[in-house]
Amino acid sequence: MTGLGLAVLADVIAIALLAYGIYFRRYHRRDLLLAYVALNVGVMAVTAMLAGSGAGMGLGLGLFGILSIIRLRSDSITQEEVAYYFVSLAMGLVNGLHPGPFWVAPALSLLLVGLMYLVDHPGLTARSRRQKVTLDQAYPDVRDIQPALERLLQADIRYFVVLELDLVTDITVVDVRYRVRADQPRVAPSLRALNRFAS
């Protein structure tokens, strides 16, 4: 098997593991599963064609320029999902170029998949959360917000930022990062604060 053939096989296995074996089983978004596979295979095909044609550096930079203007349009793309986009793109480039000895591209692909499996593993940060919380009470004094959030979320508040303070409608919108206590369930609670929690 040629170096390119081995790289193509390694890429197909790697993107299957990344997109279906890891991402889909954790996030269950079929639309992004398709997007990751299409991006990876498309980038690999174009890169392999450019690498095999002896195209100059300018054409390669043009490819990066085209990719850079692609906007990730979705209802809600999290930073985790952007990371999967980047790794899918990186694996396509690595296997399309298949640099050095024949084993380099498969090894790099395996390394990227393994890193994503470990770094995004649910057990690693299972109790850490980030939410946008709307409290139905205005808190002009920022010192009153943390106790209200702790009562609402039943969690240890690590950091928060006030996004909106509306004294007319009597609400406070907060971006909060917190850690779920060991005796609490790991399912995120409802984020609409009620008077009995906020007061």
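Is asparagine 40 buried or exposed? At 0% relative accessibility, asparagine 40 counts as buried. The legends below start with the whole predicted model and then move to close-up views.

**Figure 1. The whole chain, a predicted model of seven helices and three strands.** From the N terminus on, the elements follow the order α-α-α-α-α-β-α-β-β-α. The chain has 199 residues, and 33% of them count as buried. Take the contacts between residues at least 6 apart in sequence: 69% of these join residues at least 24 apart.

**Figure 2. Confidence along the chain, from helix 5 to helix 7.** The mean pLDDT of the chain is 81. A score of at least 70 is reached by 78% of the residues. Confidence is highest in helix 5 (residues 104–119), at 93. It is lowest in helix 7 (residues 195–198), where the mean is 38. The pLDDT stays below 50 over residues 186–199. In the model, that stretch still has 32 contacts beyond near neighbours in sequence.

**Figure 3. Asparagine 40, a buried residue of helix 2.** Which residues does asparagine 40 touch, not counting those up to four places away in sequence? They are Asp11, Ile15, Ser88, Met91 and Gly92. Asparagine 40 itself sits in helix 2, which covers residues 30–52. Its relative accessibility is 0%, so it falls among the buried residues.

**Figure 4. Tyrosine 23 and tyrosine 36, one aromatic pair between two helices.** The structure holds seven aromatic pairs. In this one, the ring centres of tyrosine 23 and tyrosine 36 are 4.9 Å apart. The ring planes stand at 85°, over the 60 degrees that the term requires, so the pair is edge-to-face. Tyrosine 23 belongs to helix 1 (residues 3–27) and tyrosine 36 to helix 2 (residues 30–52). The pair therefore ties together parts that are 13 residues apart in sequence. Both tyrosines, 23 and 36, are buried.

**Figure 5. A cluster of tyrosine rings.** Which residues do the ring pairs link into a cluster? Tyr23, Tyr27, Tyr36, Tyr84 and Tyr85 are its members. Tyr84 and Tyr85 fall within the residue range of helix 4 (79–97).

**Figure 6. Histidine 28, in the loop between helix 1 and helix 2.** Most residues other than glycine have a negative phi. Histidine 28 is not a glycine, yet its phi is positive, at about 55°. Is histidine 28 buried or exposed? Histidine 28 is exposed, and its relative accessible area is 54%.

**Figure 7. Helix 5 and its buried face.** Helix 5 has 16 residues. At 1.5 Å a residue they should span 22 Å. The end C-alpha atoms are 22 Å apart, which agrees. Which residues of helix 5 are buried? They are Val104, Ala105, Ser109, Val113 and Met116. Seen down the helix axis, these buried residues fall within an arc of 165°, so they line one face of helix 5. In an α-helix there are 3.6 residues a turn, so residues three or four places apart point the same way. Helix 1 and helix 4 (79–97) are among the parts that cover the buried residues of helix 5. On the other side of helix 5, Leu110 and Leu118 are exposed.

**Figure 8. The hairpin of strand 2 and strand 3.** Strand 2 covers residues 155–166, and strand 3 covers residues 171–180. How many bridges join strand 2 to strand 3? There are 10, and the two strands run antiparallel. Four residues lie between the strands. In this hairpin, aspartate 170 takes a positive phi near 60°.

**Figure 9. Valine 180 and glutamine 154, 26 residues apart along the chain.** Valine 180 lies in strand 3. Alanine 155 has valine 180 as its bridge partner. Valine 180 is buried, at a relative accessible area of 8%. Its C-alpha atom is separated from that of glutamine 154 by 7.2 Å. Glutamine 154 is in the loop between helix 6 (145–153) and strand 2. Its phi is positive, near 50°, although glutamine 154 is a residue other than glycine. Glutamine 154 counts as partly exposed, at 34% relative accessibility.

Terms used
Residues are numbered from 1 along each chain as its sequence is written. This is a predicted model: local features need pLDDT of at least 70, side-chain atom pairs count only at pLDDT 80 or more; totals for chains, interfaces and linings use all residues. Side-chain values use heavy atoms; hydrogens and water are left out. Rings of Phe, Tyr and Trp (its six-membered ring) pair if their centres lie within 6.5 Å; planes under 30 degrees apart count as stacked, over 60 as edge-to-face and the rest as tilted. Buried means under 20% relative accessible area, exposed over 50%, partly exposed in between (1.4 Å probe, protein chains only). pLDDT is the predictor's confidence in each residue, from 0 to 100. Contact means heavy atoms within 4.5 Å. The expected span of a helix is 1.5 Å times one less than its number of residues. The arc is that of the directions from the helix axis to the C-beta atoms. Two strands pair if DSSP finds at least two bridges between them.
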